2 protein chains.
Amino acid sequence: MGLRGGIDLGGTKIQAVVVDAEHAVLASARLPTPESGGPPAVVAQMAAAVREAAAGARVDSRDLDGVGVGAPGTFDNGNLANAPNLSGWRDPYPLAATLGEALGCEVRLGNDVQVATDAEFQLGAAREFDSVLGVFWGTGVGGGLVLGGKPWLGRGSAGEIGHVVVRRDGARCPCGRRGCMEAYAGRAAMEARARKLQHDGEHTTLFEIMETRGRERLTSGVWARALRAEDAMAVKLMARAVAALGAGVASAQNLLDVEAVIIGGGLGIRLGDPYVARIAAAMQPHLFLDGKPPAVRLAALGDLGGAVGAALLVAD
Amino acid sequence: MGLRGGIDLGGTKIQAVVVDAEHAVLASARLPTPESGGPPAVVAQMAAAVREAAAGARVDSRDLDGVGVGAPGTFDNGNLANAPNLSGWRDPYPLAATLGEALGCEVRLGNDVQVATDAEFQLGAAREFDSVLGVFWGTGVGGGLVLGGKPWLGRGSAGEIGHVVVRRDGARCPCGRRGCMEAYAGRAAMEARARKLQHDGEHTTLFEIMETRGRERLTSGVWARALRAEDAMAVKLMARAVAALGAGVASAQNLLDVEAVIIGGGLGIRLGDPYVARIAAAMQPHLFLDGKPPAVRLAALGDLGGAVGAALLVAD
């Protein structure tokens, strides 16, 4: 039949799709990521999400050519380990084998932001280019690379653009280090900074908006609303984030000289083209080849890009 | 005969070698780079250097299989342009054709730090690795990349690790931008900083050593002597340089996850293994995979690495 499954395994949600041979999404399903129960509970929920998407496409999971999984963490031989945002997932767990058995088809694993970059390269905003840096701007800031038409994985962990240093001895990053780009631009770091500033007496509507919207965190939507209302703290923290992204992405560009930079992730997609333009402008003063900047574009596949990219892991 | 020539074209010297089929250096010659006369004068001196090396190897330049040139600047179809440290060399000049005619053999051009990286990869300190970042620490800080066994050139200008930002809005770089790694670690920037500190009343023996040694600039040898004498300013500026190198090279590593980092260049080679160890230590707090650092090694081919690497341009 030529149908494939893809899963984007995130810390808060599991997004599954079923795609056809032309990579068109036939059906999708989204379930919350279990917050307890460890890897077995997460794998059971992943299987449920694929079954729901498969049902939507009127097939059984056993009829899929395979299922690809894009996940955070480190991979080795079908095992996933060190997945920072997944409950109890430090030690290697045989994700590919366990999920494959539950679904009755082959399962392959890949890094979540790398498969999303591949998806933009093969199917999305970077189709016409041969070398691409994907920047996924969300809770953290992840990166993926396609160089000379092929994913560049390094020893397995390339693409950590969030941990490019933009200010030596600078702000504390959620990773524990100092001065990383993510310490200024990651949504988790931005929220921590906003809480501290509010605690120190600075006014903001960010947390009111959060509560009104029934959220427990400063989601991308909360940031977008606060920016639209010109909340001074939101405007200030976002300017700081954009400046850090400009310096960090320009540093990567000076090193790699790629044709295109694709901006995705929860914040990137929510804030859209105006912010892509702001990031490109913030890169400009740091670009060594300032007369020949790369194309800087918004990810075209949106929220489903990660799952569609994961499905590419089992294409051909 | 299988002999090849290689030229490392620098701002102060032209280093030429003749190598055999096994890349062994049969003879070498070093001439000062003309400070006036523009590209024709520089090309004439390059030809003289190759002829001198060829004479040392008892051949005529016409008998060489070809001559490779590693140069700064931008390349297009045998032309060299925008060579920042060469007198009057802004517009494209037909270097390959002119030098080829003077020598009676084929000439090919490559980026100076990229060919030096290739040399370390094929023949030097990085032979056992498949992915390498070369860091050439001298007047400026240049970089070269080998990824998956192949040079990565990007759109032609990859490797500008000296212009990775380590401090947003930081020190002014010789390139005109702010906060680049080279603004802290490049010898030209370090000398400018030392002059300013001395002008502001801070004591140093750096310039006395320079004059005693008959130099007009703070050469690598001058720095080495001042450090050995524990000159406070030299120690302080070198610590600042090493810290910047640590942050910048770790940023590159977080992005690329290469197997090995090779440290070369005038300062790198002069200061040697103790400073390679210091740079590796300065990288450590910024490495995302801090439990799996890359190998960090001193360039093995020394001063002739650039010329030997250039000769690789005409191998097979």
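This note covers the chain A–chain B contact, its symmetry and one helix pair in a predicted model.

1. Conventions. Local features need pLDDT of at least 70 and side-chain atom pairs count only at pLDDT 80 or more, while totals for chains, interfaces and linings use all residues. Residues are numbered from 1 along each chain as its sequence is written, and chains are lettered from A and ligands numbered from 1 in the order in which they are written.

2. Symmetry. Chain A superposes on chain B by a rotation of 180° with 0.0 Å of shift along its axis, at RMSD 0.1 Å (least squares on C-alpha atoms of residues with pLDDT of at least 70 in both). This is therefore the relation of a two-fold axis. A:Arg167 is the residue of chain A closest to the rotation axis, its C-alpha at 2.1 Å.

3. Interface. Chain A and chain B contribute 34 residues each (contact: C-beta atoms, placed from the backbone, within 7 Å). On the chain A side, β9 (141-147) and α8 (232-256) each supply at least two residues, and α8(A) gives the largest share, 8 residues (helices are DSSP runs of H or I, at least four residues; strands of E, at least two; numbered from the N terminus). 100% of the interface residues of chain A are also interface residues in chain B, so the copies meet through the same surface.

4. Helix pair. The axes of α7 (residues 220-228) and α9 (residues 265-283) of chain A come within 9 Å and cross at roughly 40° (lines fitted to C-alpha atoms over the stretch in contact; angles from 0 to 180 degrees between N-to-C directions). α7(A) and α9(A) are therefore oblique to each other (not under 35, over 145 or 65 to 115 degrees). A:Trp223 of α7(A) and A:Arg270 of α9(A) are among the residues making the contact.

Notes: Contact = placed C-beta atoms within 7 Å.
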